[in-house]
Structure formats: C-alpha cells, structure tokens
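Before this model is discussed further, here are some comments on its empty spaces, set out as numbered points. Please read them beside the sequence and the coordinates.

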Amino acid sequence: MKALIIAAGYGTRLGNLTKKIPKSLIDVNGKSILKRQMELLQSNGVTEIIIVTGPNHEKFLEKKLKYVKDNFYENHEQLGSLMEARNFFNDELLILFSDVLFDNQVISKIINSENNFNIAVDSDWRKKYIGRTEHPISQADLVLIKNNLVFKIMKNLTPLNNFKISEFIGIIKLSQKASKKFLNHYTNLEKSENKTEIIKKWYLTNMLQDLIDNNNIINPVEIDGNWCEIDTVQDLERARKLFS
C-alpha cells in the first residue's frame, strides 16, 4: 500500500513557526508531524510514502520517503497539489493531510477498511471545538451520513432527520479500483471546458462531493482513537498535550 501526504501549503496561520519550514516539519514533543505520520504508516504495512511538497521543498530531508514537488502551488488549491502526484494512483492508496496527527487506533482502522472509497470521520467531533477560538466550528469539514453512506461533505452542514453529522479528519483510503476511478474522474474534469478553471480552486472535499454527485459510493469509517488537526498555535498546544 502507498500513502500520499499533501504538504504543499504555506501554513500561514501558524505565524513565525512556518516562515522557514513546512507545517508538517513542526516539532511536537521531539518529533515532527511528518515523522509521527511516517512511523505509524510504516508500522501498519505502508511500503511507500510520497510527500507532495510546495514552499521550502528543500527542508524535507528524510531519505526513506519519495517527494513530488508542486511547482504550481500558487496557482491551485489542495486538490491540484495532490494531482501533481497522479502517477501514483495505480494501487491501493492512502491520502492524508500533512497537518493531522493520529494514533495507531485511527490509522489501523482506516487501513483495514474494505470498501472502495473510504473516508475517516469522527462522530464525536463537537467537543474538539470547545475553546478552539482560533479555528471555529464553522471551518470543520462535515459529513452527512445515513446507512453507512456519505451524502454530503462540506462546511456548515444543516442536520436532517435520520442523518448523522460527523467530521472528516483528512484521511482517505482508496482501493486500487477507486484510485483509478479517482484519477479518471479528475482527468475528465481537466478536459471539460466548464470545469478546467473551477477545479483549480477545489479542495479534496470538493472532489469527494463531485464523486458522490456522479453516483460513486463513499463510505465513512468511524474512528475512535486520538487525532487532531494542527492549523493554529492553539491547535499545536493541544497536540502537545495529546501526543507525548
């Protein structure tokens, strides 16, 4: 199994901490975010880890990893950065955000999921926004779920009867079949006159929603371990309390 980690952003909300290094190289109690991700992935049988880099590409020094430099990171959003590594969409594949910390319980559950399109979600997400003033709940990527199917993925979702709302935590597992379908769908969007410019502004969640809208089944994987996103200094302080 391969893992693709999207690390092509600036991480500006962390202020001076990311002026000279990528967000994924920030230290959390003696290990970088990336180092922690790498160790857990490798211990769970991931044999190849690819990092999509952007600013400060030269600061990535870990020799056990592969790197794809996104030379166009200023011209597109998260999805465009991911697709700079499209040559790796030929196998069972994990896709991860570079600013998400998780424990073994989280990553092992998503790795062992058996559907084609699997996204890790947290149904107990609301409590993680208590006191999180620098990253309010309105910025959460929410998922509308019914009968173990994802119907919507977007911010500020409105609750509906008989539906559950969880939070997408930034980890996806694609089967080999789903990897190829994901790539083919993106390639068709690139060729479409109506979508060529629009998809430059897309995040990964936009792509997931478009797959759903085109009759692809996406299954949520409910996690129950520790995880956190590190987007602000406040988030980093919380991460240092959660992960020793």
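1. Which element gives the largest share of the lining of the largest pocket? In this predicted model, that share comes from strand E11, with four residues, and E11 spans residues 164–174. The other elements that give two or more residues to this lining are strand E1 (2–7), helix H2 (78–82), strand E10 (149–154), helix H5 (204–213) and strand E13.

2. The largest pocket has a volume of about 1100 Å³ and is lined by 40 residues, of which Glu77, Gln78, Asp99, Tyr203 and Glu229 lie nearest its centre. By class, its lining is made up of 16 nonpolar, 14 polar and ten charged residues.

3. For the second largest pocket, the computed volume is about 170 Å³, and the lining residues include Phe72, His76, Met83, Tyr186 and Ile199, together with Glu84, Arg86, Glu190 and Lys200. Its lining divides into four nonpolar, three polar and four charged residues.

4. As for enclosed space, a search of the whole structure finds one cavity of 30 Å³ or more, and the volume of the largest cavity is about 30 Å³. Its lining consists of Lys128, Tyr129, Arg132, Trp227, Cys228, Glu229 and Arg238, which by class are three nonpolar, no polar and four charged residues.

5. Strand E13 deserves a separate comment: this strand, residues 227–229, supplies the largest share of the cavity lining, three residues, and E13 is also among the elements that give two or more residues to the lining of the largest pocket. Glu229 lines the largest cavity and is one of the residues nearest the centre of the largest pocket.

Methods. Residues numbered from 1 in each chain as written. Predicted model: local features only at pLDDT ≥ 70, side-chain atom pairs only at ≥ 80, totals over all residues. Heavy atoms only, no water. 1 Å grid on protein atoms, 1.4 Å probe; cavity = no way out; pocket = protein on both sides within 12 Å on 5 of 7 lines; lining within 4 Å. Points joined across faces, edges and corners; volume = space filled by probe spheres on them. Nonpolar A, V, L, I, M, F, W, Y, C, P; charged D, E, K, R; others polar.
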